[in-house]
Amino acid sequence: MSDSLRASNGLRRAAETMHAVRDRCVWTQRIGHDDLVPYLQEEAAELVDAIEMGTRDDLKEELGDLLWQVLFHAEIASRDERDPFDIDDVADALSDKMIRRHPHVFADAVATTPEEVLVHWNAAKAAEKRTRTSVLDGVSTHMPSLALAQKVLGKAAQVEVSAAPASPDPTSEAELGDALLALVALARSEGWDAERALRQRLRALADEVRAAESS
């Protein structure tokens with residue numbers, strides 16, 4: 001069996017499994033898109049853990065759990081009376097978008113550096129989102145705060161707005177916010193991931209706590 005056929009069969013089996021669960025599981029039948037949000041966030045966080053400190057088996061399992069969330073949402077959407085769509089519609093729309101955003105792969109555009117790839121990506125995205133009136137349109141405020149700060153700073157830079165200088169010794173919550181934003185700005189300027197940096201430090205702190213508990 002070819003890899004493409006095997007992948008197609010595997011995804012189709014997963015979609016059919018989701019369909020059967022929706023039909024026959026009384027708990028699943030009561031779940032809507034909003035109900036799934038906490039599970040989606042949890043599964044995404046567990047996938048991050050698997051990527052940063054898990055095994056290959058952990059990664060495979062967590063990717064599957066996240067895929068299940070996508071299949072779950074698509075199955076719910078397929079039964080909507082007013083505007084139904086299914087997992088095939090989701091996959092087709094995704095393929096169409098990725099083809100548009102990679103003209104250097106699927107058309108005659110040329111990109112020999114990552115920077116040139118980004119130019120094509122941004123141009124295609126801008127054409128798709130031409131009704132947006134702000135560089136901040138589409139930025140989710142549900143992102144973790146450090147990741148959101150880094151994202152907003154990047155968007156702000158596009159219109160030549162930067163974070164204000166922060167007090168080195170904050171004496172209020174507002175000044176603390178300025179100081180945190182300044183640290184995120186530093187991370188962005190150095191090409192660091194502020195969210196990942198704090199996660200790694202918190203894991204180290206957790207190890208210290210467990211070591212203290214066992215001593």
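User: How are helices and strands assigned here, and what pattern do they give along the sequence?

Analyst: Helices and strands are DSSP runs, numbered from the N terminus. This is a predicted model. Read along the sequence, the pattern is α-α-α-α-α-α-α-α-α-α. That is 10 helices and zero strands.

User: How does the radius of gyration of the protein stand against the globule rule?

Analyst: The globule rule scales with the number of residues. For 215 residues the rule gives 17 Å, while the protein has a radius of gyration of 22 Å, so the protein is more spread out than a compact globule. The C-alpha trace spans about 60 × 60 × 40 Å along its principal axes.

User: What share of the residues is buried?

Analyst: Buried means under 20% relative accessible area. Of the 215 residues, 18% count as buried. The protein exposes about 15600 Å². Carbon and sulfur atoms supply 56% of that area.

User: What part of the contacts links residues 24 or more positions apart?

Analyst: Take the contacts with a separation of 6 or more. Residues 24 or more positions apart account for 47% of them.

User: Now a single residue. Where is Arg22, and is it buried or exposed?

Analyst: Arg22 is found in helix α1, residues 3-24. Arg22 is buried.

User: Which side chain of opposite charge is nearest to Arg22, and how far away is it?

Analyst: A salt bridge needs a side-chain nitrogen of Lys or Arg within 4 Å of a carboxyl oxygen of Asp or Glu. For Arg22 the nearest side chain of opposite charge is Glu75, 5.9 Å away. Arg22 has no salt bridge.

User: Which residues does Arg22 contact, leaving aside neighbours within four places in sequence?

Analyst: Contact means heavy atoms within 4.5 Å. Arg22 is in contact with Thr28, Gln29, Ile31, Phe72, Glu75, Ile76 and Arg79, leaving aside those neighbours. Glu75 is thus listed as a contact, yet Arg22 has no salt bridge.

User: Which residues form the nonpolar patch on the surface?

Analyst: Leu11, Leu67, Val70, Phe85 and Val90 form it. Together they have about 380 Å² of accessible area. Phe85 sits in the loop between α4 (56-78) and α5 (87-101). Its relative accessible area is 37%. Patch residues need over 30%, so Phe85, partly exposed at 37%, meets that cut-off.

User: Last one. Where is Ala206, and how far is it from Leu181 in space?

Analyst: Ala206 lies in helix α10, residues 194-214. Ala206 is partly exposed, with a relative accessible area of 25%. Ala206 and Leu181 are 25 residues apart in sequence. In space they are 25 Å apart, C-alpha to C-alpha.

Terms used
Residues are numbered from 1 along each chain as its sequence is written. This is a predicted model: local features need pLDDT of at least 70, side-chain atom pairs count only at pLDDT 80 or more; totals for chains, interfaces and linings use all residues. Side-chain values use heavy atoms; hydrogens and water are left out. Patches are made of residues with over 30% relative accessible area and no salt bridge: like charges are joined within 9 Å, nonpolar side chains (Val, Leu, Ile, Met, Phe, Trp, Tyr) within 5 Å. Accessible areas come from the Shrake-Rupley method with a 1.4 Å probe; for residues, only the protein chains shown count as cover. Helices (H or I, at least four residues) and strands (E, at least two) are DSSP runs, numbered from the N terminus. Buried means under 20% relative accessible area, exposed over 50%, partly exposed in between (1.4 Å probe, protein chains only). Lys and Arg count as positive and Asp and Glu as negative; His and the chain ends are not counted. The radius of gyration is taken over C-alpha atoms; the globule rule is 2.2 Å times the number of residues to the power 0.38.
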